Every structure is written in C-alpha cells, then in structure tokens.
Amino acid sequence: MNYLAHSFLTFTDGQIVGQFLEDFIRNKDRFSFPKDIQDGITLHRAIDTFTDSHSAIHEAKKVFAPLVRLYAGAFVDVSMDYFVANDLSLHSLAEWKSHSLRVYKVLNTNEEWLPENFKKMLVKMEHDDWLYNYREDWGIKFSIQNVLNKAKYLDKDIPVFEAFLENKTYLQQCYDDFFPDLIAHAKEINTLIQLEN
C-alpha cells in the first residue's frame, strides 16, 4: 500500500512499473514481463522483506496493533508514505509533484502490462493525485479508510486514523530511524540487479 515509497525507491521506468505490479500479480506470472519490470518486482519484494524486519517498523506497528492486530503492518506502510511525502530532504514540494506526474506517465505508457484491476485504480490514483496528496492528513485518512474497506476481518469504523494523528510524532521518529536504512538497502539491491543484467 505504500505506493509513494515504492515509486521513490526505483532507478528505471521499468522498475516503477514492476514496483506497482507486484501486489497485483501471481508469483508465477512475474517472468512473463520484460526484464526491467521483473527487476522492479524483485526490488519491491526486497524492500518489503527489509521493511518487515526493521526494528523501527516493529515499534511503529505497536501504534496500530491494539486496534487491528495482524493488519498493523498495512497501516504502518500507509503512514510511512505520509512521512515520505513530507520529507523535504528527499525532494522539494515541486519535485514531489514532478515525481508524481512522472510515475503516472510511466504507468500509463506501460498500460499493456497492467492488469485491469490496477488500471481502474490508476485512473482514481491519477485523478486524485494520491502520490502527491499523501502529504496531507486527508490523503492519509483516505488511504487508511481504503485499507479498512478492503480488509475482510476489520470493522470499517475502527479509529485507525485517529491513532495515526495521536501518534504522529512517534511515527515520525520511527520513519527517521527507518527510511535512510531503506534507501541504502534499495541502492544495494539495485546494484546487485544491475550486476546480474
């Protein structure tokens, strides 16, 4: 669900496509894509594995676990996009806007590789500019509600967004402890990918 972080941690257009596709395809289908898209899928998985094992993410999950138990990770992912979007050490506001527009353009240019359910979501994502608007409280509220709506075993009115607001300072610290490590890891994985190509 942390679309902005995944799109930021890419090194080629094909990797952007692969990063987004990973959550929408079956494992056995990943080899049917061009190599650069496969590289994005590989990178996505490496990012997820690293994220799930990081101590700061384990701490962040404690904010949401009392409310949503095993779904805490999904809400941490969404929360991290808020802090990525507001991290002006990575990009200025104008650069984040340009990044968002570039990602939509790359995805639309590669429409032939996108499954229908992703295409439908992409229309909404681009129309409401999800990637740029993750910086806003209302943008994250929308994303949190989207996760709640999709989760089979969660009530739709659990106050997850309220927990996010109440713990924003703590979650910011978790982000600060985590994201530089993730950037370094993504660069290492990309170097390995390039050596294999």
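1. Helix 2, residues 13-21 of this predicted model, is mostly covered, with eight of its nine residues buried. The buried set consists of G14, Q15, I16, V17, G18, Q19, F20 and L21.

2. The surroundings of helix 2 deserve a separate remark. Its buried residues pack against helix 1 (3-8), helix 3 (35-53) and helix 6 (93-109), among others. Further packing partners of these buried residues are helix 7 (116-127), helix 8 (130-133) and helix 11 (168-196). Several of these elements return in the points below, where their charged side chains are considered.

3. The salt-bridge count for the model comes to eight. Three of the pairs are discussed here, namely K35 with D39, K97 with D129, and D137 with K168.

4. Within helix 3, the side chains of K35 and D39 meet in a salt bridge, with an N to O distance of 2.5 Å. The two residues are four apart in this helix, about one turn. An α-helix has 3.6 residues a turn, so residues three or four places apart point the same way. The partners fall into separate burial classes: K35 counts as partly exposed because its relative accessibility is 41%, whereas D39 is buried because its relative accessible area is 5%, under the 20% cut-off.

5. A salt bridge also joins K97 and D129, whose closest N and O atoms are 2.5 Å apart. This pair links distant parts of the chain, since K97 belongs to helix 6 and D129 to the loop between helix 7 and helix 8, 32 residues apart. With a relative accessibility of 32%, K97 is classed as partly exposed. D129 is classed as buried, because its relative accessibility is 7%.

6. The side chains of D137 and K168 form another salt bridge, at 2.9 Å from N to O. Here too the pair links distant parts of the chain: D137 lies in helix 9 (residues 137-150) and K168 in helix 11, 31 residues apart. D137 has a relative accessibility of 30% and therefore counts as partly exposed. K168, at 21%, is likewise partly exposed, because buried requires a value under 20%.

7. In which elements do K97 and D129 lie? K97 is in helix 6, and D129 is in the loop between helix 7 and helix 8. Helices 6, 7 and 8 are also among the elements against which the buried residues of helix 2 pack. Helix 11, which holds K168, is another of those packing partners, as is helix 3, the helix that carries K35 and D39.

Notes
Residues are numbered from 1 along each chain as its sequence is written. This is a predicted model: local features need pLDDT of at least 70, side-chain atom pairs count only at pLDDT 80 or more; totals for chains, interfaces and linings use all residues. Side-chain values use heavy atoms; hydrogens and water are left out. Buried means under 20% relative accessible area, exposed over 50%, partly exposed in between (1.4 Å probe, protein chains only). Contact means heavy atoms within 4.5 Å. A salt bridge is a side-chain nitrogen of Lys or Arg within 4 Å of a carboxyl oxygen of Asp or Glu.
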